[in-house]
Amino acid sequence: MPKLKIVLIDDDLERAEFVQHNLLAHDFEVVACLTLDYLSDFQLQDLQADVILLDMDHPHRDLIESCVSHFDLPTVLFTKNTHKDTIKEAIAAGVTAYIVDGIDPARLDTILEISIEQYKKHKKLETDLKETQNKLADRKDIEKAKVLLMQLHHLNEDTAFQLLRKNAMSHRITMGEMARRLIDAQQLLNHPMKED
């Protein structure tokens with residue numbers, strides 16, 4: 001199995017260098033070692049990292065959210081902070097694993113694998129939720145467009161549906177998009193923009 005590419009982010013430069021040296025000694029690949037001050041200047045795309053290790057004495061939700069949203073990778077937080085509110089905030093900010101202990105290279109492989117699987121599961125749930133929301137929005141718009149066609153052209157429901165479908169196919173777009181175009185056009189006709 002290829003080595004996981006790790007980005008180490010720490011709020012203490014000396015500790016970061018020590019942890020990086022320790023990880024390298026245990027055959028981990030550390031592709032970047034950063035302090036929090038340089039996060040905004042850094043891009044991970046070129047490194048193709050697999051996971052972020054955050055080592056923070058005083059984790060703050062804003063900093064964690066910044067890391068999670070900026071890099072969009074599985075993020076493991078190592079800290080000595082055991083305060084329940086801090087743990088809740090870190091999880092809410094998107095941390096995939098919260099480890100109250102130092103970084104122990106002997107246990108790190110397992111922690112990283114679990115974190116990556118959790119991250120993948122979370123991303124799949126997000127994707128599934130978005131797809132479901134889009135389908136529901138499409139259905140709602142298709143229903144509105146059908147009613148509109150039925151009223152405008154005195155059609156029955158099935159004929160209105162078929163007309164909408166035929167037009168969507170001929171324009172090579174989804175029925176939801178066709179429905180939204182029809183609804184937008186109707187709104188424009190009913191409420192033309194006033195000239196200034």
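Just after helix 3, Gly94 adopts a positive phi of about 115 degrees. Helices here are DSSP runs of H or I with at least four residues, strands are runs of E with at least two, and both are numbered from the N terminus. The model is predicted: local features need pLDDT of at least 70, side-chain atom pairs count only at pLDDT 80 or more, and totals for chains, interfaces and linings use all residues. Residues are numbered from 1 along each chain as its sequence is written, and side-chain values use heavy atoms, with hydrogens and water left out.

Helix 3 itself spans residues 84-93, and Thr86, Ala90 and Ala93 are buried in it. Buried means under 20% relative accessible area, exposed means over 50%, and partly exposed lies in between, with a 1.4 Å probe and protein chains only. The three buried residues cover an arc of only 65 degrees around the axis, so they sit on the same side of helix 3; the arc is that of the directions from the helix axis to the C-beta atoms. An α-helix has 3.6 residues a turn, so residues three or four places apart point the same way. On the other side of helix 3, Lys84 and Lys88 are exposed. The buried residues of helix 3 pack against helix 2, strand 4 (75-79) and strand 5 (97-100). Contact means heavy atoms within 4.5 Å.

The packing with helix 2 can be followed through Val68, which belongs to helix 2 (residues 61-71). Val68 counts as buried because its relative accessibility is 16%. Residues up to four places away in sequence aside, Val68 touches Leu73, Thr75, Ala93, Gly94 and Val95. The glycine with the positive phi after helix 3 is thus among the contacts of Val68. Val68 and Ala93 are 25 residues apart along the chain, and their C-alpha atoms are separated by 7.4 Å.

Two packed helices are described by the angle between their axes and the distance between the axes. For helix 2 and helix 3 the angle is about 25 degrees and the axes are 9 Å apart. The axes are lines fitted to C-alpha atoms, for helices over the stretch in contact, and angles run from 0 to 180 degrees between N-to-C directions. Helix 2 and helix 3 are therefore roughly parallel to each other. Angles under 35 degrees count as roughly parallel, over 145 as roughly antiparallel, 65 to 115 as roughly perpendicular and the rest as oblique. The crossing of helix 2 and helix 3 is right-handed; a crossing is right-handed if the near helix is turned clockwise from the far one by less than a right angle, and left-handed if anticlockwise. Helix 2 contributes Arg61, Ile64, Glu65 and Val68, which meet Glu89, Ala90, Ala92 and Ala93 in helix 3. By class, this contact of helix 2 with helix 3 has five nonpolar, no polar and three charged residues. Ala, Val, Leu, Ile, Met, Phe, Trp, Tyr, Cys and Pro count as nonpolar, Asp, Glu, Lys and Arg as charged, and the others, Gly among them, as polar.

Farther along the chain, the axes of helix 4 (residues 105-153) and helix 5 come within 9 Å and cross at roughly 115 degrees. Helix 4 and helix 5 are therefore roughly perpendicular to each other, and helix 4 passes helix 5 in a right-handed crossing. The contact is made by Ile142, Glu143, Ala145, Lys146, Leu149 and Met150 of helix 4 with Glu157, Ala160, Phe161, Leu163 and Leu164 of helix 5. Its residues divide into eight nonpolar, no polar and three charged.

Helix 5 also packs with helix 6, at an angle of about 105 degrees and with the axes 9 Å apart. That angle makes helix 5 roughly perpendicular to helix 6. Phe161, Leu164, Arg165, Asn167, Ala168 and His171 in helix 5 meet Met175, Met178, Ala179, Arg181 and Leu182 in helix 6. Seven of the residues in this contact are nonpolar, two polar and two charged.

Phe161, in helix 5, is partly exposed, with a relative accessible area of 26%. Neighbours within four places in sequence aside, Phe161 is in contact with Ile142, Lys146 and Met175.

Two loops carry further positive phi values. Most residues other than glycine have a negative phi. Arg172, with phi near 55 degrees, lies in the loop between helix 5 (157-171) and helix 6 (175-190). Arg172 counts as exposed because its relative accessibility is 78%. Asp27, with a positive phi of about 70 degrees, lies in the loop between helix 1 (13-25) and strand 2 (29-35).
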